[in-house]
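Reader: Hi, I'm new to this and would like to go through a structure with you. Could you show it to me?

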Amino acid sequence: MDAQPVQEHTLDNGLLVLTREVRRAPLVSFYVWYRVGSRNEIPGVTGVSHWAEHMVFKGTQRFPKGEADKLVAQHGGVRNGFTWLDYTAYYQTLPAANARLGIEIEADRMANSVFNADEVASERGVIISEREGNENHPGFYLTEELTAAAFKSHPYGQPVVGYKSDLRVITREDLWGHYRTYYAPNNAVAVAVGDFDTDRLMATVRGEFGRIERRPDPPAVRIVEPEQEGERRVTVKRPGPVAQMSIAYHVPGADHPDTLPLWVLGSVLSTGRSSRLYKSLVMTGLASSAGAGSAMTKDPYLFRISATARPDTDPPKLEAAALAEVESLISSGVSEAEVAKVQRQIKAGHVFSTEGVTSLARYLGQYEMAHGWRRFETYLEDLARVTADDVLRVARTYLVERNRTVGWFLPVAE
Amino acid sequence: MATLDIRRTTLSNGIVVLVSENHTNPSVVLRMSVRAAPILDTPEKAGLASLTASGLTRGTTHRSFEEINETVDAAGMSLHSGAGRHLVSVGARSLADDLQLGIDLVADVLRNPTFPKREFEQLKGQTLTSLRQADNDTGAVADRHFRELLYPEGHPYRLRNTGYQETVAPLTRDDLESFHAERYSSRGAFCVVVGDVIAEDVVRRLEESLGGWEASGVAEAQVETPVRPTPSHKDVVVPGKTQADLVLGAVSIRRKDPDFQALRMANMILGRLGMMGRLGETVREEKGLAYGVHSELDAGIGAGPWAVRAGVNPANVEAALAGIRDEMQRLREGGVTPQELDRGKSYSTGSLVLHLETNDGVAGLIQDIELFDLGLDYADRYVGIIEALTLEDVNRVAAKHIPRFEDTVRVVAGPARG
């Protein structure tokens, strides 16, 4: 077989390294994942994780500003960074002969980023521009308001990009403090997937990362969102083309056994044109699109049902139809055939989405950030064990009125 | 060294089949391309070709819409039909075991669609909703006005592929049925298959399913190069927005133009390479004016646009335009440096293996090879083509084809500017 099992290595400084040889194409994807994201942010500095992600692209002594971009391009590779609730991550995917460059850049980024004050000042404009680009899309406001309403205490309620008022005042010291607290080998996971010899790759990884010192463990996030005691509602009224609806239910974090049944539930509701919501919301002409599902997160997060209304649809009708579909599922259950169909869809989707080394490495990292990479290895087997009863049980447990937050974007004239 | 084995065969009715075997992953991508694309649209019925393409999967003489959906979802496959500017693409992505099912469905929806009334109305409603959203989207609004200023009335590149609320609203299912009857045929059609399959087997199966499809109607549409438009600037207000999207550019060249590779290289250095090239360095990194700014060359069968796009705060529009103007002038007058060219070349050649990593990536390249007659050995020759570009070529072409800022068409769409 061209893909070997995952190997786990731990350096003396605490850096966890996951490697997997995959010899389909002469490429290597190398990521470093930091266990920090908006989950770790407190009010007043929302968006600091994402902004810090931008700052560690600003150069070091070894790779002055712009140099790493140029080198990676010159060596035929691609690179990027991204920030989410639980993590901040960076990667380079390069032709195998040049794989070393990605490892050098990431080790250097972890230890030697500069956070020059002038760069912070100019990046403020870029970060605000990124947020303002999001603001041009009505769905962004709806998601921001809905998520904020669903969480009254846990930082998951705050936007990853940050509130604009915070982006205007975050200082260089805030960013630097964030970097020094969280960018430590003992708070990071490196993932390498592709066409390499593990021993040789690990020698490079040890050479580059081994000299970075362990730092004090970052503060733990101790906040637990209190149980919701009844429906919450939010409405955003802004100029826009059509109404949009989103209904969010609290669901457990990824380490909970209900996670996979919830994913199957999301697919039963919305994957493909034979799904329940496509039939009840789109085929009926109430909505132009509909979706449902939950993410993979460390702490309890949300299962969402969303739909974009057609211009002539009365919003309450769309909401009633969506909730009626949930009620019908809870009262009548799902069939084994439906579950089997979804399992086949998810299995095929898994084959398609793990074709390249960049996405394979990304999955490994995401699983490790949420609840351990081994779950990725057993994902399809675990999925095959989900039954129609499991799906019904999680629907009855979580998709209930007292646990939901209903959000609407309603267009108004300016 | 990144070789790509492509087997090219012609079915009895002229359909070209291009297969590339890739046995590293148990999946297959099938993409059938036909010529009934939006470049055939008339201004009065803009969006007809696209709506027809989308409507193919809504029911056939053999299968209802529900049956198609149940079949597709039960196999965990995806069935797609949609229109690009030059081609309609109908395709399936599935596990390799389901190759025959994918071929059956693709052949059925291409040859036997019935555009049932209920499904048509539902599709039209969905389309009108997304067109309404586009008219509220600053990027889409800017692009619409940009094309209207760039291309004269009647030019196919003037129109949005999916049409407009006002042209799609009056369309009927009979319009789709007529368009399908007149325009869909095996003439000029080609099929790309990439994945865990055997080439001979694919050809045999396709001959069975599609070999009997008649060749009639149009082959390749011709696209005239328009006269140079009058430079102009237009501000469009989109209510309720925070950011402005700006686009500026000019009519550029065809894909088959001998200057294409050199211009592509110049454009890459200006607005793509690394983090959005020189434009990214100036407008984003130095001045902090925008999260996104880039340039793009859309060379098609006809001369498509060359454009710079950026999303900026309304207060920064003039500063961003000034930064873009300076970089365009610097490139036209000073050209690129030997270092930049080296970097651009090594990116272009080195990243080929990355672009060919997935079946979709390979299928996309093969589609281009067939559409633009690049030759089956294009992937092998590619490194040589790029290496042969000289500084003189790139700089000559930049001076010739990157327009003077004063000669561009510029559109800014966003909140009212004071």
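Author: What follows is a talk about how the two chains touch, one helix and the nonpolar cores. This is a predicted model, in which local features need pLDDT of at least 70, side-chain atom pairs count only at pLDDT 80 or more, and totals for chains, interfaces and linings use all residues. Residues are numbered from 1 along each chain as its sequence is written, while chains are lettered from A and ligands numbered from 1 in the order in which they are written.

Reader: How many residues does each chain bring to the contact?

Author: Chain B gives 55 residues and chain A gives 52 residues, where contact means C-beta atoms, placed from the backbone, within 7 Å.

Reader: And which element supplies the largest share on the side of chain B?

Author: That is α4(B), with seven residues of the side that touches chain A; helices (H or I, at least four residues) and strands (E, at least two) are DSSP runs, numbered from the N terminus.

Reader: New topic: which residues of α12(A) are buried?

Author: Among them are A:E338, A:V342, A:I346 and A:F352, buried meaning that 20 or more other C-beta atoms lie within 10 Å of the residue's own, all placed from the backbone.

Reader: What do they pack against?

Author: The buried residues of α12(A) pack against α9, α15 and α16 of chain A, and also against β3, α2 and β5 of chain B.

Reader: What is A:V191 in contact with, beyond four places in sequence?

Author: Its contacts there are A:L18, A:Y31, A:W33, A:A361, A:L364 and A:G365.

Reader: How many residues are in the largest nonpolar core?

Author: That core has 118 residues, and A:V191 is one of those touching the most other members; a nonpolar core is a set of buried Ala, Val, Leu, Ile, Met, Phe, Trp, Tyr and Cys residues joined through C-beta atoms within 7 Å.

Conventions:
Two residues are in contact if their C-beta atoms, placed from the backbone, lie within 7 Å. A residue is buried if 20 or more other C-beta atoms lie within 10 Å of its own, exposed if 12 or fewer, and partly exposed in between; C-beta atoms are placed from the backbone.
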